[in-house]
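Work through these exercises with the model open beside you. Try each task before reading its solution.

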Amino acid sequence: MIVFAYPLAFLLLVIPFIIYLLTPAVKGMHGEALKAPFIDDLKRISISAGSIWNASASESKLSKRFWFLYLVWLFLTIACARPQLLGEPIRLKNEARDIMLVLDISTSMVEDDFSLYGRRITRLDAVKKVVSDFADKRANDRIGLILFGTRAYLQSPLTFDKASVKDILWSMKAGMAGDSTSIGDALGLALKKLREEKNKDNKIIILLTDGENNDGAISMGQAIKLASDENIKIYTIGVGAPNVFFKMISMSAPGVDEQAMKELAKLTKGQYFRAEDTAGLQKIYQIIDELEPTSQDQRYIQEATDLFYIPLLIAVVLSMLMFYLLRGGK
């Protein structure tokens, strides 16, 4: 489709008529007209040559010369209007976020105090299912994955490849990163990786654990201080059934340090959630998905190819032809 970038330029088409109507006619070749150096060339134009510049008595008020010059003016005006050929509309991707998933895979995550479809499952299996579904919903976001136990490991850098992230999720096993819980180290690693993305503002961390920080080089207090200095929102999730029996037999001794998790979320403008069953965990990730929506505004761009040079070239050719005719074809 051809459009004009400056359609108001077509108003210029009336200027020659206005000038023609408002200015007095030239009384003679040397009368009151402005003398020009090429006037002698104009004298040599032969009436018998049938030139388009000679108007007969039967011609209309506007001579052929006028219409020829107006044709040149027309193509110059079209060039000024800047014709463009528009390509097919291309939809821009919606505003996306960088989401770093930080998951606890210490040995305490093997506790089978969750259930799915009426069958008892471990905490880690529930996390695999829920987080995998969450990743599917974030089609326009980049997702990274950090797993931690005694040590914290970056398993997937920020990527649009959700399939690879899900493969890692389903292959992770409790205890593969150690038996203890180094929340501070994991959080420090997540902050470091997101800090490296200097051109992005929409960054969030979702930290999930079923224990307290009992190992690693970074204490929970230090981690909270680091997080508060960064412009990165952190959602914290504590998992584990509240049943006293499970607390008595659990390998995760004191359970989630809720005070520290709440403080971390509050200082970073996030929220703290507690998941006591699979349905609760699913609800939490659903809430986070709603709190961090992807823009639904559909934006399009179209490639525009300028064509102004075509009418400009035609105007130049016509001008050269006019000059040739003024020279008497010589």
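The exercises below go from strands to loops and then to a pocket.

This is a predicted model, in which local features need pLDDT of at least 70, side-chain atom pairs count only at pLDDT 80 or more, and totals for chains, interfaces and linings use all residues. Residues are numbered from 1 along each chain as its sequence is written, and side-chain values use heavy atoms, with hydrogens and water left out.

**Exercise 1. Describe the burial of strand S9 and find its partners.**

Step 1. Fix the terms. Helices (H or I, at least four residues) and strands (E, at least two) are DSSP runs, numbered from the N terminus. Buried means under 20% relative accessible area, exposed means over 50%, and partly exposed lies in between (1.4 Å probe, protein chains only).

Step 2. Check burial. S9 spans residues 203-209, and 7 of its 7 residues are buried.

Step 3. Split the side chains by direction. Lys 203, Ile 205, Leu 207 and Thr 209 point one way. Ile 204, Ile 206 and Leu 208 point the other way. Both sets are buried.

Step 4. Look for neighbours. Two strands pair if DSSP finds at least two bridges between them. Strand S4 (residues 98-104) runs parallel to S9, with 6 bridges. Here Leu 101 stands opposite Ile 206. Strand S10 (residues 233-239) also pairs with S9 in the parallel sense, over 6 bridges. In that pair, Leu 208 faces Ile 237.

Step 5. Follow the chain from S9 to S10. S9, helix H7 (residues 220-229) and S10 make a right-handed β-α-β unit. Right-handed means that, with the strands pointing away from the viewer, the path from the first strand over the helix to the second runs clockwise.

**Exercise 2. Place strand S7 between its partners and give the sense of each pairing.**

Step 1. Start with burial. In S7, 7 of 7 residues are buried. Arg 142, Gly 144, Ile 146 and Phe 148 point one way, and Ile 143, Leu 145 and Leu 147 the other.

Step 2. Take S4. S4 and S7 run parallel and are joined by 7 bridges. Leu 101 has Leu 145 as its bridge partner in S7.

Step 3. Take S8. Strand S7 (residues 142-148) and strand S8 (residues 152-159) run antiparallel, with 5 bridges. Leu 147 stands opposite Tyr 153, and Phe 148 is bridged to Ala 152.

Step 4. Close the turn. A hairpin of 3 residues connects S7 to S8.

**Exercise 3. Is Asp 210 buried or exposed, and what does its side chain contact?**

Step 1. Locate Asp 210. It lies in the loop between S9 and H7.

Step 2. Read the accessibility. Asp 210 has a relative accessible area of 1%, so it is buried.

Step 3. List the contact. A polar contact is a pair of N or O atoms within 3.5 Å; within protein, one must be able to donate a hydrogen and the other to accept it, and residues adjacent in sequence count only if both atoms are side-chain atoms. The side chains of Asp 210 and Ser 108 make one at 2.8 Å.

Step 4. Add a long-range neighbour. Gly 255 is 45 residues away along the chain, yet the two C-alpha atoms are separated by 6.2 Å.

**Exercise 4. Compare two residues that have positive phi without being glycine.**

Step 1. Take Arg 82. Its phi is near 55°. Arg 82 sits in the loop between helix H3 (64-80) and strand S2 (83-86). At 28% relative accessible area, Arg 82 is partly exposed.

Step 2. Take Tyr 117. Its phi is about 55°. Tyr 117 belongs to the loop between strand S5 (114-116) and strand S6 (119-121). At 73% relative accessibility, Tyr 117 is exposed.

**Exercise 5. Characterise Thr 268 and relate it to Asp 229.**

Step 1. Place Thr 268. It is in the loop between helix H9 (258-267) and strand S11 (272-275). Its relative accessibility is 6%, so Thr 268 counts as buried.

Step 2. Find its backbone contact. A polar side-chain atom of Thr 268 lies 3.2 Å from the backbone oxygen of Ala 265.

Step 3. Turn to Asp 229. This residue is in helix H7 and, at 52% relative accessibility, counts as exposed. Its side chain makes a polar contact of 2.9 Å with that of Lys 225.

Step 4. Relate the two. Asp 229 and Thr 268 are 39 residues apart in sequence and 8.7 Å apart, C-alpha to C-alpha.
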